[in-house]
Amino acid sequence: MPTIVVDVMPKAELLDPQGKAVAGALQRLGVSEFSGVRIGKRFELTVDGEVGEDTLATARRIADEILSNSVIEDVVGIEVVE
């Protein structure tokens, strides 16, 4: 069955306290290759049948209306995984 994957991230201009905490932990562990961490959400929507334009349009709509908070988050990706 195909799956539609929706990725949501905090808006770039907003602070990400979880990401900041992970970045601090990496520094304390001696990992210095990464200058920052941002943490987002991933949703997997399993589809019964084929994924057509109507199904993708519905996924985009629910990503904007239900899966993300448009005030503080952006939907950064919607893709079909077979």
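**Reading the sheet, the salt bridges and the burial of a predicted chain**

Among contacts in the chain between residues at least 6 apart in sequence, 76% join residues at least 24 apart. The model discussed here is a predicted one.

User: What makes up the secondary structure of the chain, and in which order do the elements run?

Analyst: The chain has 2 helices and 3 strands. Starting at the N terminus, they follow the order β-α-β-α-β.

User: How do you know which strands pair in the sheet?

Analyst: Two strands count as paired if at least two bridges are found between them. Strand β1, residues 3-10, has 8 bridges to β3, and 6 bridges join β1 to β2; both pairs therefore meet the requirement of at least two bridges. Within these pairs, Val8 has Val75 of β3 as its bridge partner, while Val5 stands opposite Glu44 in β2. The result is an open sheet in the order β2-β1-β3, with antiparallel pairing.

User: Why are β2 and β3 said to stand at the edges?

Analyst: Strands β2 (41-46) and β3 (73-81) each have a single partner strand, so one side of each has no neighbour in the sheet. From one strand to the next, the twist averages 20°.

User: Which helix packs on the sheet, and what does it touch?

Analyst: Helix α2, residues 53-67, packs there and touches β1, β2 and β3. The direction of α2 makes about 150° with that of β3.

User: Why is Glu73 called buried?

Analyst: A residue is buried when its relative accessible area is under 20%. Glu73 has 14%, so Glu73 counts as buried. This residue lies in strand β3, and its contacts beyond four places in sequence include Val8, Met9, Lys41 and Leu67.

User: What makes the pair Glu73 and Lys41 a polar contact?

Analyst: The cut-off for the N or O atoms of such a pair is 3.5 Å. The side chains of Glu73 and Lys41 are joined at 3.1 Å, which is within that limit.

User: Why is β2 described as hardly covered?

Analyst: The count of buried residues among the 6 residues of β2 is 0. For the whole chain of 82 residues, 23% count as buried.

User: How do you know that Lys11 and Asp74 form a salt bridge, and what does the pair tie together?

Analyst: A salt bridge requires the side-chain nitrogen of Lys or Arg to be within 4 Å of a carboxyl oxygen of Asp or Glu. The closest N and O atoms of Lys11 and Asp74 are 2.8 Å apart, so the pair qualifies. Lys11 lies in the loop between β1 and α1 (17-28) and Asp74 in strand β3, so the bridge ties together parts that are 63 residues apart in sequence. Lys11 is buried at 16% relative accessibility, whereas Asp74, at 30%, is partly exposed.

User: How many salt bridges are counted, and what is the case for Arg61 and Glu65?

Analyst: The count comes to 4 salt bridges. One of them joins Arg61 to Glu65, whose closest N and O atoms are 3.6 Å apart; this is within the 4 Å cut-off, and the pair therefore counts. Arg61 and Glu65 are 4 residues apart in helix α2, which means that about one helical turn separates them. Glu65 is exposed at 54%, and Arg61 is partly exposed at 43%.

User: How does the radius of gyration of the chain stand against that of a compact globule?

Analyst: The chain has a radius of gyration of 16 Å, whereas a compact globule of 82 residues would have one near 12 Å. Along the principal axes, the C-alpha atoms fill a box of roughly 50 × 30 × 15 Å.

Terms used:
Residues are numbered from 1 along each chain as its sequence is written. This is a predicted model: local features need pLDDT of at least 70, side-chain atom pairs count only at pLDDT 80 or more; totals for chains, interfaces and linings use all residues. Side-chain values use heavy atoms; hydrogens and water are left out. Axes are lines fitted to C-alpha atoms, for helices over the stretch in contact, and angles run from 0 to 180 degrees between N-to-C directions. Contact means heavy atoms within 4.5 Å. Buried means under 20% relative accessible area, exposed over 50%, partly exposed in between (1.4 Å probe, protein chains only). A polar contact is a pair of N or O atoms within 3.5 Å; within protein, one must be able to donate a hydrogen and the other to accept it, and residues adjacent in sequence count only if both atoms are side-chain atoms. The radius of gyration is taken over C-alpha atoms; the globule rule is 2.2 Å times the number of residues to the power 0.38.
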